[in-house]
Amino acid sequence: EYLKRFFSKTTQHYVAMADKLSVKFQNRPARYQRAVLNGMVGILLMFLSIPVVQNLLSSKQQMNTSFDSFRLVNTYGAFGSITKERTEIILEGTTEEVVTSSTQWLEYEFKCKPGSVTRRPCTISPYHYRLDWLMWFAAFEQYHQNPWFINLVAKLLEGNSEVRKLIDYDPFTNATRLPTYIRAQHYRYQYTPLLSENNAVWNRKYLKPYMPPVSLPQLKEWRETNGFLKEPKKEEPKEKKEKPKMPRKYWTFDRENISYPIVGLCLVLGLLVLRLFRREMDMYYDSSMGNVDQEIQDLMTRATETGCR
């Protein structure tokens with residue numbers, strides 16, 4: 001409104017153009033600063049990634065390892081290699097009171113791990129079936145090395161509803177009686193040929209018994225000894241007491257874990273980049289200010305030629 005009172009539309013247009021030019025030149029240094037900062041971070045990450053890439057290409061990979069004191073670039077993985085054979089534990093249950101050679105056993109089916117030979121492999125993502133994963137690892141060891149596995153069998157003997165939700169098929173869900181015995185068998189699984197005549201997806205071979213038949217009374221003493229049957233203690237309500245205020249702790253360096261060569265190199269690179277940045281900015285300001293002066297002079301000349309005051 002102020003310009004409309006004293007100047008013509010042509011002068012107002014030239015003033016607006018000059019204002020846009022000034023904003024344009026003011027925003028350019030910020031872009032250069034951001035670009036230089038991004039470049040410094042990229043160079044630092046590339047330098048710290050060298051040992052990580054060497055580890056990935058090595059035949060003896062180190063998993064879950066930190067390669068620098070600041071924990072910026074590390075490697076993570078469950079394991080570097082996998083077994084060439086897949087062995088699985090198959091749980092079987094029966095309702096018979098006495099186990100004999102003619103006892104009829106019914107198999108439990110898990111949600112994802114191999115069980116029935118006609119069942120196709122499942123899609124795990126985006127969920128992780130942790131119990132199936134633990135069962136695969138338990139097959140590499142003895143059953144007494146995995147207390148959770150023994151307690152799992154006890155929960156199935158009890159007919160625990162929460163545990164039944166973790167498996168896909170319980171042959172005793174609709175039965176009139178709970179299983180009296182459960183055993184575990186050890187099998188080796190392999191894929192069938194692609195053009196197989198039967199509908200089987202897996203070929204499995206029996207290896208050996210993994211865990212002998214056990215009943216719930218047999219596991220009672222073991223569960224009490226290992227703390228699986230301990231009742232939670234009822235905590236008595238305590239009076240609320242004001243906690244004393246602790247002095248504030250400030251973060252400090254751990255001198256034993258600092259990699260001084262890396263810190264020194266980063267400081268040298270930072271000073272070098274700042275030196276180059278300052279030099280570039282000085283040259284940029286000299287050229288940009290000259291351009292702004294020239295643009296303003298051109299605007300004033302054009303405004304004079306058109307007869308504007």
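These are my notebook entries on what I looked up in this structure, which is a predicted model.

**Entry 1: the chain as a whole**

I began with the overall make-up, and I found eight helices and eight strands in the protein chain. The chain has 309 residues, of which 25% count as buried. I then looked up how far apart in sequence the contacting residues are: among contacts between residues at least 6 apart in sequence, 63% join residues at least 24 apart.

**Entry 2: helix α4**

I turned next to helix α4, which covers residues 130-138, and I asked myself which of the residues of α4 are buried. I noted L131, D132, M135, W136 and A138 as the buried residues of this helix. When I looked down the axis of α4, these buried residues fell within an arc of 160°, so they line one face of the helix. I also wanted to know what covers the buried residues of α4. I wrote down that the cover includes the strands β3 (86-94), β5 (109-110), β6 (167-169) and β8 (202-214), together with the helix α5 (147-158).

F137 lies in this helix too, and I asked whether F137 is buried, exposed or partly exposed. F137 has a relative accessibility of 30%, and because buried means under 20% and exposed means over 50%, F137 counts as partly exposed. I looked up one distance for this residue as well: the C-alpha atoms of F137 and I89 are separated by 9.7 Å, although the two residues are 48 apart along the chain.

**Entry 3: the nonpolar cores**

I had read that in soluble globular proteins nonpolar side chains tend to be buried together, and I went on to the cores of this model. The largest nonpolar core has 24 residues, and I listed I89, L91, M135, F149 and V153 as those with the most contacts inside it. I found that β3, α4, α5, β7 (181-191) and β8 each supply at least two residues of this core, while the largest share, seven residues, comes from α5. Apart from this core lies another one, of five residues, and among them I noted I90, Y187, Y189 and V201.

I then followed I89 further and asked which residues I89 is in contact with, leaving aside its neighbours within four places in sequence. My list for I89 reads K113, M135, A138, A139, F149, A184, Q185 and Y210.

**Entry 4: a pocket and a cavity**

I looked up the largest pocket, and its volume is about 330 Å³. Of the 16 residues that line this pocket, I noted R86, C112, K113, P114 and I124 as the closest to its centre. The largest share of the lining, three residues, comes from α4. Sorted by class, the lining of the largest pocket has ten nonpolar residues, five charged ones and one polar one.

I also asked how many cavities of 30 Å³ or more the structure holds, and I found one. About 30 Å³ of space lies in the largest cavity, and the residues that line it are I89, I90, L91, Y108, E109, F110, K113, P114 and G115. The elements that give two or more residues to this lining are β3 and β5, and β3 gives the most, with three residues. I sorted this lining by class too, and it divides into six nonpolar, one polar and two charged residues.

**Entry 5: two residues of strand β8**

I picked N203, whose place is in strand β8, and I noted that N203 is partly exposed, with a relative accessible area of 40%. Leaving aside its neighbours within four places in sequence, N203 is in contact with R188, Y189, Q190, Y191, T192 and P193. The C-alpha atoms of N203 and R188 are separated by 8.2 Å, and the two residues are 15 apart along the chain.

P209 also has its place in strand β8, and at 52% relative accessibility P209 counts as exposed. With neighbours within four places in sequence left aside, P209 is in contact with A184 and Q185. P209 and Y187 are 22 residues apart in sequence, and I recorded 9.0 Å between their C-alpha atoms.

**Entry 6: a loop residue**

My last look was at D170, whose place is in the loop between β6 and β7, and I asked whether D170 is buried or exposed. At 7% relative accessibility, D170 counts as buried. Leaving aside its neighbours within four places in sequence, D170 is in contact with Y108 and R164.

Note on methods
Residues numbered from 1 in each chain as written. Predicted model: local features only at pLDDT ≥ 70, side-chain atom pairs only at ≥ 80, totals over all residues. Heavy atoms only, no water. Helix = DSSP H or I, 4+ residues; strand = E, 2+ residues; numbered from the N terminus. Buried < 20%, exposed > 50% of the residue type's maximum accessible area, 1.4 Å probe, protein only. 1 Å grid on protein atoms, 1.4 Å probe; cavity = no way out; pocket = protein on both sides within 12 Å on 5 of 7 lines; lining within 4 Å. Points joined across faces, edges and corners; volume = space filled by probe spheres on them. Nonpolar A, V, L, I, M, F, W, Y, C, P; charged D, E, K, R; others polar. Arc of directions from axis to C-beta. Contact = heavy atoms within 4.5 Å. Core = buried A, V, L, I, M, F, W, Y, C linked by side-chain atoms within 4.5 Å.
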